[in-house]
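Q: I would like a close look at a single part of this model, with the terms spelled out as they come up.

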Amino acid sequence: MLSARDFPVFHKGWSLFLDRDGVLNHRPCDGYVKRPGDFHWTPGSLESLNRLNKLFNHIVVISNQQGVGKGLMSDEDLQRIHERLLEDVEKAEARIDRIYTATGLRHGDSHRRKPGEGMAMEARHDFTDIRFEQTIMAGDTFRDMLFGKRLGMITVLIAPVRPFPPQYHYYADFHFVSLQDFTNFMITYFNT
């Protein structure tokens, strides 16, 4: 992993791709947020979104949600979860430009699901000024890091604990313990 002094030249035209579970909200024990009441923001993440909006041109959520494909929840359940998420974001006077989800099963939706590139291509189609080489992918899993690296993004691992498996050291450019920690670094970096 790189140190803060290795961070690339950054300007407001950059985009931020965020994983959902484990970054914006606590990952449940069974791995699935199945209803709005299961969605619990990680400490400081809403405030962080408000602050990150001032730095990034686009902020999008890119999330694998195979709980739908497994029948643990419906598309409508997922939509209600995201409606609640976006209501909270609006109340915090922040924004998420769009949420992309891959709801198929791991082996049946390999192009859309991270680390497949499908959701990133959809985002670039919807926001034509997105440049992957000027995008940060922040997530808490190896799939998130591999997804970002395949597209030439800067990868940020959001994880409170160490040590990491060896592959993380190659695929994660930077590590922060929380979205709030990453945000504090970006605010300091941008104002230096």
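In what sense do strand β4 and β5 pair, and over how many bridges? Please set out the surroundings of β5 as well.

A: This is a predicted model, in which local features need pLDDT of at least 70 and side-chain atom pairs count only at pLDDT 80 or more, whereas totals for chains, interfaces and linings use all residues. Residues are numbered from 1 along each chain as its sequence is written, and side-chain values use heavy atoms, with hydrogens and water left out.

Strand β4 (residues 135-139) pairs with β5 in the parallel sense over 4 bridges; two strands are taken to pair if DSSP finds at least two bridges between them. Helices (H or I, at least four residues) and strands (E, at least two) are DSSP runs, numbered from the N terminus. Isoleucine 136 has isoleucine 154 as its bridge partner in β5. Between these strands the chain passes from β4 through α4 to β5, a β-α-β crossover that is right-handed, in the sense that, with the strands pointing away from the viewer, the path from the first strand over the helix to the second runs clockwise. β5 is also joined by 3 bridges to strand β6 (residues 174-176), and these two run parallel; here the bridge partner of isoleucine 158 is phenylalanine 176 in β6.

Strand β5 (residues 154-158) is mostly covered, with 5 of its 5 residues buried, where buried means under 20% relative accessible area, exposed over 50%, and partly exposed in between (1.4 Å probe, protein chains only). In a regular strand the side chains alternate between the two faces of the sheet. For β5 both faces are covered, with Ile154, Val156 and Ile158 buried on one side and Thr155 and Leu157 buried on the other.

Helix α4, through which the crossover passes, holds glycine 148, and glycine 148 is buried with a relative accessible area of 0%. Phenylalanine 142 lies in α4 (residues 142-150) and tyrosine 171 in α5 (residues 166-171), so their aromatic pair ties together parts that are 29 residues apart in sequence. That pair is edge-to-face, at 5.1 Å centre to centre and 80° between the planes; rings of Phe, Tyr and Trp (its six-membered ring) pair if their centres lie within 6.5 Å, and planes under 30 degrees apart count as stacked, over 60 as edge-to-face and the rest as tilted. Phenylalanine 142 is partly exposed, with a relative accessible area of 24%, and tyrosine 171 is partly exposed at 23%. Phenylalanine 176, the β6 partner of isoleucine 158, forms an edge-to-face pair with phenylalanine 182, at 5.5 Å centre to centre and 65° between the planes. Phenylalanine 176 and phenylalanine 182 are both buried, and Phe176, Phe182 and Phe185 form one aromatic cluster.

Ile158 is also among the residues that line the second largest pocket, including Asp140, Ala159, Pro160 and Val177. A pocket, on a 1 Å grid over the protein atoms alone, is an open set of points where a 1.4 Å probe fits, with protein on both sides within 12 Å along at least five of seven lines, and lining residues have an atom within 4 Å of a point. The volume of the second largest pocket is about 170 Å³, a volume being the space filled by probe spheres set on the points, which are joined across faces, edges and corners. Its lining has 7 nonpolar, 4 polar and 1 charged residues, where Ala, Val, Leu, Ile, Met, Phe, Trp, Tyr, Cys and Pro count as nonpolar, Asp, Glu, Lys and Arg as charged, and the others, Gly among them, as polar.
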